[in-house]
Amino acid sequence: MRKILSLFLALALLLPGLPVFAAGPTVAGKSAVLMDAATGKVLLEQNAHEKLAPASVTKVMTMLLIMEAIDTGKIRWDDTVTASETAAAKGGSQIYLKVGETMSVSDMLKSIAVSSANDCAAAMAEHIAGSEEAFVALMNEKARQLGMADTHFVNCTGLDDDAAAKDHRTSAYDIALMSRELLVKHPDIKQYTTIWMDTVRNGSFGLSNTNKLVRFYKGATGLKTGFTAAAGYCLSASAQRDGMELIAVVLGAETSQDRFQACKQMLDYGFANYALVQPRPEASYLVPVKLGKAGSVSAVPAEEGALLLDKSQQNQVNIQVRLEDRITAPVSKGQRVGTLTVSVGQQVLKEIPMVAADSVQKLGFWDIFLTVLRQVSMAAP
């Protein structure tokens, strides 16, 4: 019986649509994903590509586009944003913006990240793109760029109070993709997503984070909750421990407690079973250069990137560097001079090119002549 079970589990790993790691927990909710932020590797999935309503988890994309606009210089943290009549009329979670009220980009983003303010999301969409409709077009274009094949946005809030909202759909997997993009490419967002309680309007309006894991889960870095009667309880939760950041997404949970428990279970599973390893050489390496103005050149890995391993393997990683015995000038910076191989036992996990850290010019005729002359002079009695 054990042999049959082992064979079934081995086959399960090869069949599409099944959990990537069969030993992971089954969690509450219609759809769920656990993803490593550094590598994008999926550690656990349940109906990961089912197209569902995401409610306010939609605002992960809204925040991503806000952060891109800030980081590219299109807008600034201290820019003044004015609430339009349309933005002020948004229902659901809000900070009750009044028509014509002004607030900084920083306070608008804080209100979105901490209190899921729909009015601020709409105001920022208009500030960046001119209208919510134009901003939604940017959201869908970004989704396409990220490979979010299950996604179509119709608004920047996740509200489902109009007929068009029936087409506002995404999946747990796609939410993990955009959450990863936000966390990895724009880490400053964590200054907002990790706030438990704060204020805006010079301290007169209090904000309380809708993501309870920020206070009660060790290493929590965000990210966004969501709820409507149609979507159920949703959450994209992120946390970082021992240099590894994980993203847990659940859609369609029946209760708020269910969504937090589901993400906690997935995060616990990931941190308990996996670790990141940085494949770096343990020493500095020099490659001799023939006929070069420098006698050698440093060899460095062409890329840096962590490998995700089962924790039982993290102390068994072997790194081997093989370099050319000698190379002939001229040498270009970035020229391949060897290979770094990362393996566990007999299994090769990754091969990374070793490249020249600098350029080395070739000796000219007079350089060679003067070198020979100096050698002759030194050899003379």
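Helices α2 and α7 (helices being DSSP runs of H or I of at least four residues, numbered from the N terminus) pack at an angle of about 30°, with their axes 9 Å apart; axes here are lines fitted to C-alpha atoms over the stretch in contact, and angles run from 0 to 180 degrees between N-to-C directions. Because angles under 35 degrees count as roughly parallel, α2 is roughly parallel to α7. This is a predicted model, in which local features need pLDDT of at least 70, side-chain atom pairs count only at pLDDT 80 or more, and totals for chains, interfaces and linings use all residues. Residues are numbered from 1 along each chain as its sequence is written, and side-chain values use heavy atoms, with hydrogens and water left out.

Where the two helices meet, with contact taken as heavy atoms within 4.5 Å, the α2 residues are Val60, Met61, Met63, Leu64, Met67 and Asp71, and their counterparts in α7 are Met178, Ser179, Glu181, Leu182 and Lys185.

Turning to α2 itself, its 13 residues (59-71) should span 18 Å at 1.5 Å a residue, and its end C-alpha atoms are 18 Å apart, which agrees; the expected span is 1.5 Å times one less than the number of residues. Of these 13 residues, 11 are buried, that is, under 20% relative accessible area with a 1.4 Å probe and protein chains only. The buried residues of α2 pack not just against α7 (172-185) but also against α4 (105-115), α5 (118-129), α6 (132-145) and β7 (220-228). After α2 comes Gly73, whose phi is positive, near 85°.

Notes:
Buried < 20%, exposed > 50% of the residue type's maximum accessible area, 1.4 Å probe, protein only. Parallel < 35°, antiparallel > 145°, perpendicular 65-115°, else oblique.
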